[in-house]
Amino acid sequence: MTALTRRNGTQPDAFTSLARDFFGFDPFASAPRRNALAKHLPQFDLTESPTAYRLHADLPGVTEENLEVTVHEGVLTVSGKREEETSEEGTNFLVRERRYGEFSRRLALPKDANAETVEAKLENGVLLISIPKKEELKARKIKIG
């Protein structure tokens with residue numbers, strides 16, 4: 001880690017150094033530092049039921065036109081972009097923390113996922129992707145007797 005000195009002459013603590021070096025931001029700076037690690041990435045939740053996998057992604061401000069969901073060779077890719085809002089003439093940002101720009105997340109599908117029947121819908125800024133399981137690979141109960 002780089003030994004940086006704060007404006008008041010003190011050395012940053014371990015948390016601040018980790019945030020700067022790994023996550024790309026200074027939690028105590030007046031404006032976030034931007035670098036390759038500090039780009040806009042949606043947050044995903046992935047759940048499994050006996051019949052399907054479901055992926056939820058928070059995508060506030062992303063429109064269907066700026067969103068693409070693909071499946072290729074067992075990999076699900078969600079990519080898109082969130083357009084930067086422009087400010088009115090004479091308006092200055094005092095704090096600017098929301099992220100804009102392009103993003104892409106990839107997820108290797110499990111062997112029992114049916115890539116041919118994946119469905120996606122965007123509703124109220126949340127993307128829901130439903131990935132059904134293949135019939136022949138579902139567990140079935142065997143009767144004993």
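Which side chain makes a polar contact with the side chain of Ser130? I will answer that and then work outwards. Please keep in mind that this is a predicted model.

The partner is Arg54: its side chain and that of Ser130 make a polar contact at 2.7 Å. Ser130 belongs to strand E7, which covers residues 126-132. Is Ser130 buried or exposed? Its relative accessibility is 16%, and buried means under 20%, so Ser130 counts as buried.

Now the surroundings. If we leave aside neighbours within four places in sequence, Ser130 is in contact with Ala52, Tyr53, Arg54, Thr117, Val118 and Glu119. Two of these names come back when we look at strand pairing. Arg54 stands opposite Ser130 in E7, and Glu119 has Ser130 as its bridge partner in E7.

That brings us to the strands themselves. E2 and E7 run antiparallel and are joined by seven bridges. Along that pairing, Leu55 stands opposite Ile129 in E7. Strand E6, residues 119-123, also runs antiparallel to E7, with five bridges between them. How many residues lie between E6 and E7 in their hairpin? There are two, and Asn124 in the turn has a positive phi of about 55°.

Staying with E6 for a moment, Glu123 is placed in that strand. Glu123 has a relative accessible area of 48%, and the exposed class starts over 50%, so Glu123 is described as partly exposed. Glu123 and Glu64 are 59 residues apart along the chain, while their C-alpha atoms are separated by 9.6 Å.

On to E2 and its other pairing. Strand E1, residues 44-48, is joined to E2 by five bridges, and the two run antiparallel. A hairpin of three residues links E1 to E2. In this pairing, Glu48 stands opposite Tyr53 in E2. Tyr53 appears once more, since Lys133 lies over the face of its ring, at 5.0 Å from the ring centre. A second case of this kind involves Phe44: the charged end of Arg105 sits over the Phe44 ring, 4.4 Å from its centre. What about rings with rings? A search of the whole structure finds zero aromatic pairs.

Next, the nonpolar core. In soluble globular proteins, nonpolar side chains tend to be buried together. Here the largest nonpolar core has 14 residues, and those touching the most other members are Leu59, Leu67, Val78, Phe103, Leu127, Ile129 and Ile131. Which elements give two or more residues to this core? They are strand E2 (52-58), strand E4 (75-82) and E7.

Leu59 is one of those core residues. Leaving aside neighbours within four places in sequence, Leu59 is in contact with Pro42, Leu67, Phe103, Leu122, Gly125 and Leu127.

Last, the whole chain. Its secondary structure comes to one helix and seven strands, and along the sequence the pattern reads α-β-β-β-β-β-β-β. The chain has 145 residues, and buried residues make up 26% of them. Taking contacts between residues at least 6 apart in sequence, 47% join residues at least 24 apart.

To return to the start: Ser130 sits in E7, is buried, and makes its polar contact with Arg54, the residue standing opposite Ser130.

Notes
Residues are numbered from 1 along each chain as its sequence is written. This is a predicted model: local features need pLDDT of at least 70, side-chain atom pairs count only at pLDDT 80 or more; totals for chains, interfaces and linings use all residues. Side-chain values use heavy atoms; hydrogens and water are left out. Helices (H or I, at least four residues) and strands (E, at least two) are DSSP runs, numbered from the N terminus. Buried means under 20% relative accessible area, exposed over 50%, partly exposed in between (1.4 Å probe, protein chains only). A polar contact is a pair of N or O atoms within 3.5 Å; within protein, one must be able to donate a hydrogen and the other to accept it, and residues adjacent in sequence count only if both atoms are side-chain atoms. Contact means heavy atoms within 4.5 Å. Rings of Phe, Tyr and Trp (its six-membered ring) pair if their centres lie within 6.5 Å; planes under 30 degrees apart count as stacked, over 60 as edge-to-face and the rest as tilted. A charge sits over a ring if NZ of Lys or CZ of Arg is within 6 Å of the ring centre and within 35 degrees of the ring normal. A nonpolar core is a set of buried Ala, Val, Leu, Ile, Met, Phe, Trp, Tyr and Cys residues joined through side-chain atoms within 4.5 Å. Two strands pair if DSSP finds at least two bridges between them.
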